[in-house]
Structures are given as structure tokens and as C-alpha cells.
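Here are a few exercises for reading a protein model step by step. Try each task by yourself, then compare your reasoning with the solution.

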Amino acid sequence: MSPPELSIVLPMYNEVENVVPLLGEIEAALGNTTFEVIAVDDGSRDGTRELLKSLTREKSYLRVVLFRRNSGQSAAFDAGFRHATGRVVVTMDADRQNDPNDVLRLVKKLEEGFDVVTGWRKDRKDGMFLRKVPSKIANWFIRKVTGTKVHDLGCSLKVYKHEITDEIRLYGEMHRFLVVLAEHQGARVGEVEVNHRARVAGVSKYGLSRTVKVLLDLLTVWFFRGYSTKPIYVFGGAGFGMIGISMLLSAFVLYEKLAEAVWVHRNPLFTIAAVTGLLGVQSLGMGLLAEVIVRTYFESQSRSPYPISERLGFPGEKAIE
């Protein structure tokens, strides 16, 4: 069988009331487009798993991946990416707040020369203080730190060329930064305003507790985006800075001893200088160890630290036209 045009990845966690209506909407929205739906059940306990199993006997396009336990949305997306066979990979939430009628609009935008197209929920149908305000603050902060121009990083409705999702690996809660990770791979990203609907069944799985996770993941993305192949720049820079501070403090302590007869054991600046100097040396050592680990990571897996989009003119490759 030839691969489908679209692979739709649906992470699901306790969405038994939404499964059948959502699949019906997807069928109606995609029309004659060939597609597969990869439903990844993230350890549901409300009957979602059993329903998905029974639906595979009725719907030939449905593929189901079952997790033994709840592993998070990032893990579900990653599992869906690994099982997708379509030319274009689509991600969306299973709570029916994303509108399947927007999928083909995003695909059309993708065909304009983009590698990833993400939805922008400009008119969100969520609570103001628990969802909208924290989301706006988080999106602004992430844009400032990462340099991305995307307005709505939290929208799950996105379409990707298959080769992009093949290159992305998700850990922790990194699904919120999928666009940033794609941009790090050199992907050209577009954005389209999409319809956002109020939840009509089930319970939201999100809360303010995710704020700390977003900040920690943002720190990880910032590091990998700028310094994944040169960690010595971070640790070494911090190390030289602390050693410089230690030297200045030590010189000031020496001046106080010689000019003002302030004994070292009575001067707290000497202790601060000593501790700062030791931390600086440790930071330099961590930077060197990180460099060794980075080289081991890439070389042991025969992975390249730079992304290649095409190869032309090589034996076995498509010739340059």
C-alpha cells in the first residue's frame, strides 16, 4: 500500500467522550485526502483505551499506540512521530478545541514553501486568568528568549513535512517548543489563524502548575538552541567571569591589608574571593567535561551536529537539474 498523504497524531488522555465525535469530524473535513490517524493513548483510565481498540476494527485509517502508564504529551507526540508514514504530519489535541476543518488550510500554506505551519488561536475560547493571560505572558517570554516570531507556541494544531518530525526528538515536556526545535533544525515556519472552540466534553488537563515546567524547559531549549555543540562557551564564560571577580576581590583585600591594616581573617571579602575562584575553576572543568560528552554523543551515534536538507549530485542521489 502507498503511504497516506497525511498522518494525524492525536495524543489522548481520558478523552472517551471526544474520540468518536472527533474522528467523525476528521473524516468529514479531509474528504478525499488519504490519511491515517495515529491515536496515542497516554495511560487513560476512563475507557478511552478500550474504545480505541474496538474502533480499529471499524476504521481502517486508525492506528493505535497504547502507553502502559501516563508519560506525558511530549512522549505521546514523539511516539506518533515515530509511527507516522504520511508525507505530511499533523498534530492536534483530542479535546475537540482544535477544528479539523483548519487542517487542509494549514497544509495549503505548507505547500507555499514552508517546512512547518502552526496554528494561531487568536480568538481563544478559554478562561481569561487561568489560560489566556498565562499563555500570553509565556508566549512573549519565549519569543524574547528564543527569537522565534510565532505568536501562539501552545497551539497543538500544526502541520510538518515528514522529514522535520523524523529529526525531532522530544523529552520531558518539550512539545510546547516544537516550533522552536524545528527552527533550530533550519525549518522555515509559517503561521495561520485557526478556529478555537470551547471544550464540550471531558476535563482540561492543564493548570497553572505547568508554569514552572515551561520555564525550566525554556532554559533547556535556550541552551540547546545556542550552545548544544559548544557548552564550553556557557560554562567557560561563567568560569572566567567568576575567576575575574575573585581576582578583583583578592586585589582589594590585599589593598586593605597593606593600606588600612585590615587582617585577612577579619575580612569577609577574602572568603567570598576564595569561594568565587573555586566556583570559577569548577565551572571551567564542567565546561571541558561537557565538551567531551557532546563529542561522545555525536560520534558514538554517527550523528551530525548540523542539519542537511538535501544531497544532490552524489551517486544514488537525485541529479542536479
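Helices are DSSP runs of H or I with at least four residues, numbered from the N terminus. Keep in mind that this model is predicted.

**Exercise 1. Find the helix that holds Leu219, and decide whether Leu219 is buried or exposed.**

Step 1: Look up the position. Leu219 is placed in helix H8.

Step 2: Recall the cut-offs. A residue is buried under 20% relative accessible area and exposed over 50%.

Step 3: Compare. Leu219 has 52% relative accessibility, so Leu219 counts as exposed.

Step 4: Look around on the surface. Leu219 belongs to a nonpolar patch together with Trp140, Phe141, Val145, Leu215 and Trp222, and the patch has about 570 Å² of accessible area. Helix H5 (128-146) and helix H8 (210-227) are the elements that each give two or more residues to the patch.

**Exercise 2. Describe the surroundings of Ser7, starting with its strand.**

Step 1: Ser7 sits in strand S1, which covers residues 6-12.

Step 2: Apply the cut-off again. Ser7 counts as buried because its relative accessibility is 0%.

Step 3: List the company it keeps. Leaving out residues up to four places away in sequence, Ser7 touches Glu36, Ile38, Ala84, Thr85, Gly86, Val88, Val89 and Val90.

Step 4: Pick out one of these partners. A polar atom of the Ser7 side chain lies 2.7 Å from the backbone nitrogen of Gly86.

**Exercise 3. Which residues have the most contacts inside the largest nonpolar core, and which elements give two or more residues to this core?**

Step 1: The largest nonpolar core has 32 residues, and Ile8, Leu10 and Val37 have the most contacts inside it.

Step 2: Two or more residues come from each of S1, helix H1 (16-30), strand S2 (35-41), helix H2 (48-55), strand S4 (88-91) and helix H4 (103-110). H1 gives the most, with 5 residues.

Step 3: Another core lies apart from this one; it has 31 residues, including Ile38, Val40, Phe177 and Val214.

Step 4: Zoom in on Ile8. Beyond its neighbours within four places in sequence, Ile8 is in contact with Ile26, Leu30, Phe35, Glu36, Val37, Ile38, Val90 and Met92.

**Exercise 4. Zoom out: how many helices and strands does the chain have, and what percentage of its residues count as buried?**

Step 1: The chain has 10 helices and 7 strands.

Step 2: Of its 321 residues, 42% count as buried.

Step 3: Turn to the outside. The chain exposes about 17900 Å², with carbon and sulfur atoms supplying 60% of that area.

How values were computed: Residues numbered from 1 in each chain as written. Predicted model: local features only at pLDDT ≥ 70, side-chain atom pairs only at ≥ 80, totals over all residues. Heavy atoms only, no water. Buried < 20%, exposed > 50% of the residue type's maximum accessible area, 1.4 Å probe, protein only. Areas by Shrake-Rupley, 256 points an atom, 1.4 Å probe, with all protein chains shown as cover. Patch = residues over 30% accessible without salt bridge, like charges linked within 9 Å, V, L, I, M, F, W, Y side chains within 5 Å. Salt bridge = Lys/Arg side-chain N within 4 Å of Asp/Glu carboxyl O. Polar contact = N/O pair within 3.5 Å; in protein donor to acceptor, adjacent residues only side chain to side chain. Contact = heavy atoms within 4.5 Å. Core = buried A, V, L, I, M, F, W, Y, C linked by side-chain atoms within 4.5 Å.
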